[in-house]
Amino acid sequence: MFNREFVEEVKKKIDIVALIERYVALQKSGNYMRGLCPFHSDSDPSFYVSPSKGYFHCFGCGESGDAISFIQKIENLSFTEAVVKAAEFAGVPIPEDFKMSTAYDAYTATLSKVAKAYHQVLFEEEGQKILDYLLSKRKLTLETIKKFQIGFSPESRTFIRKIQSKQGVSKDELIKAGVALSRNGEIIDRFAGRIMIPIFNETGRIIALGGRATGSTSGAKYINSPETRYFKKKEVLFNLNYAKKAIKSLDYVVVAEGYFDVMALFEAGVENVVGVLGTALTERHLMAVKNFTSNILLFYDSDDAGLKASIRSIELAEKLGFSIAVARYSDAKDPSDLFCSKGSKAIREILANAVPAPVFRVDFAERSIDISTGQGKKKLVNLLKTSAIKYKNIGDSASYGMLLRALSERTGFPEENLKGYFKGESKGNIEQDIEKTKLTPLERELMRVYFSRPDLRKRIVRALELSEVGSTKKLIPMLKKSLEIEELLKTAPRELGEELLQLSEDVISNEIAQRIVEDIETRVGASLIMEQIKELDRKIELAMDQETKNSLLIRRLELSRLLRKTREGGDNHGR
């Protein structure tokens, strides 16, 4: 187990927003970040993250906690495993005296040992043909082969047993790591006869293996390790561990479809490249790069399947606020073939001439339409109408303009005519209801001070009690206990809680806080005096004898003087 000081250091250094954005699309909401809760079916964003205080809270299901508890819940890990993962994410070294005893450590240690064994084979006699293939056919250098730790799994049935003895890995560990299968009491290498590519997570741990078939291998061309709690294809991007620095520096990421595409592009000098693992680009993939960039360049296969995959990726990425471009080429099937046949220069030219997503949409739609006729041109415009309206409605004028220009170039219709055609066609636009604040201006001022100045809380509660409070009335018993925001959220209704969240982040200086309290106490005191004067006026009007009326008039005069003094700051009632 870790000591308390280490855990607190991890919590202090971890960026909770960057962590949670690996799993949830967050948008700024005041001083908080807000998104759809990952712990329940959420259609109206009810999940809030505090960057400054390092906690999250969902108003829908009530889940809350810090960065470590978030990892525990989202990954279904033990506390110790979550601390290890959080420390890796935050860049905090694990204490030397900590024994690697978690299931996560055992799993990654086994895969690391196996990958090392496969890599060693590549430079032995058994792997000579595969090494020659990588060097001559795939055009990879030894430096790249070693960097990615490419290996080879021989077809020999005895090799898996050699791994057990040489690497000190048990049969059960090999099976749990997805490397071996058990058949009739004997273990068999799942990847026998395949080129092996280790799959690293973002922090650099091997969490899976990928195997590419060779000439003598039967079965699928590519297979990955079976999915586990530590490896899910829809979440992992190949090469992100190496690429993230370049992605952040260049402010864009190149996304390819396979291991060899990624390694070929890397060999061509494209260091900011990542790849999906036999699956479509997912929201979780996008969240993994969101902290490094919001710009994507898709470099998929050039066939029909690759083009369709590009369109699907554009749809998803645009929803999450990414700007997208697409690499266009036709003289090779995929980036790896292109690199092998044309070289690095061709790769660089294609990247430089990538087209923005709105233009690619037009290109893709045009493939299935004969635009030599007026009817074909109108069909193309109608196919792109939904996209055009979407760009217009979300205020993306740049994409809207690019789509209009591309359509105008293809069809010959003037841009102004196209704008006129699209104008008013916004049936799909859903107006967002703007929630009205549930706190009065006076309450908002007092709650700001409440969170900033604990020493003034008694005076704040008194001012709230004396004023005509609205939403905070039910919170007054808790405010009297001087509870913090985390506790208040547990009983506050959602709309009130959202406002309190924002107010808790508004740090104000001591001088301003003191002035606000004094001013509100004055206003509250004046309000109470005015209520008394109104009551006296009612009694004066109803008084039957002159003596009673005179007595009431004298009292009214005294209150009027007191009101004037209060407004001038001479007597702060309500303190």
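## Helices, loops and cysteines in a predicted model

Gly-269 sits in the loop that joins α11 to β13. Helices (H or I, at least four residues) and strands (E, at least two) are DSSP runs, numbered from the N terminus. This is a predicted model, in which local features need pLDDT of at least 70 and side-chain atom pairs count only at pLDDT 80 or more, while totals for chains, interfaces and linings use all residues. Residues are numbered from 1 along each chain as its sequence is written, and side-chain values use heavy atoms, with hydrogens and water left out.

### Gly-269 and helix α11

Gly-269 counts as exposed, at 53% relative accessibility. Here buried means under 20% relative accessible area, exposed means over 50%, and partly exposed is in between (1.4 Å probe, protein chains only). Gly-269 comes just after α11 and takes a positive phi of about 100 degrees. Its C-alpha is 7.4 Å in space from that of Ser-344, although 75 residues separate Gly-269 and Ser-344 in sequence.

The helix before this loop is mostly covered: in α11 (residues 259-267), 9 of 9 residues are buried. Among them are the aromatic-ring residues Tyr-259, Phe-260 and Phe-266, and also Asp-261 and Glu-267.

### Other loop residues

Positive phi values also occur at Asn-76 and at Ser-482, each a residue other than glycine. The table lists these two residues.

| Residue | Phi | Loop | Relative accessibility |
|---|---|---|---|
| Asn-76 | near 55 degrees | between α3 (67-75) and α4 (79-90) | 59%, exposed |
| Ser-482 | near 60 degrees | between α22 (476-480) and α23 (485-488) | 31%, partly exposed |

Thr-282 is placed in the loop between β13 (273-275) and α12 (283-290). With a relative accessibility of 17%, Thr-282 counts as buried. Leaving aside residues up to four places away in sequence, Thr-282 touches Lys-234 and Leu-316. Contact means heavy atoms within 4.5 Å.

### Two helix pairs

Two packed helices are described by the angle between their axes and the distance between the axes. Axes are lines fitted to C-alpha atoms, for helices over the stretch in contact, and angles run from 0 to 180 degrees between N-to-C directions.

The first pair described is helix α13 (residues 304-319) with helix α16 (residues 357-366), whose axes come within 11 Å and cross at roughly 140 degrees. That angle makes α13 oblique to α16, because angles under 35 degrees count as roughly parallel, over 145 as roughly antiparallel, 65 to 115 as roughly perpendicular and the rest as oblique. The crossing of α13 past α16 is left-handed. A crossing is left-handed if the near helix is turned anticlockwise from the far one by less than a right angle, and right-handed if clockwise. On the α13 side the contact is made by Leu-307, Lys-308, Ser-310, Ile-311, Ile-314, Glu-315 and Glu-318, and on the α16 side by Ala-357, Phe-360, Arg-361 and Phe-364. By class, this contact of α13 with α16 has 6 nonpolar, 1 polar and 4 charged residues. Ala, Val, Leu, Ile, Met, Phe, Trp, Tyr, Cys and Pro count as nonpolar, Asp, Glu, Lys and Arg as charged, and the others, Gly among them, as polar.

The other pair is helix α5 (residues 103-122) with helix α8 (residues 159-167), where the axes come within 10 Å and cross at roughly 120 degrees. Here α5 passes α8 in a right-handed crossing. Lys-113, Val-114, Ala-117, Tyr-118, Gln-120 and Val-121 of α5 meet Phe-159, Ile-163 and Gln-167 of α8. The residues of this contact divide into 6 nonpolar, 2 polar and 1 charged.

### Gly-376 in helix α17

Gly-376 is placed in helix α17 (residues 374-393) and is buried, with a relative accessible area of 7%. Not counting residues up to four places away in sequence, Gly-376 touches Ile-369, Asp-370 and Ile-371. Gly-376 and Arg-448 are 72 residues apart in sequence and 61 Å apart in space, C-alpha to C-alpha.

### Cysteines

A disulfide is a covalent bond between the sulfur atoms of two cysteines. A search of the whole structure finds 0 disulfides, a disulfide being a pair of cysteine sulfur atoms within 2.5 Å. For Cys-58 the closest cysteine sulfur is in Cys-37, 3.5 Å away, which is too far for a bond. Cys-58 is buried, with a relative accessible area of 1%. Cys-61 is in no disulfide either, and its nearest cysteine sulfur, that of Cys-58, is 3.7 Å away. Cys-61 is partly exposed, with a relative accessible area of 35%.
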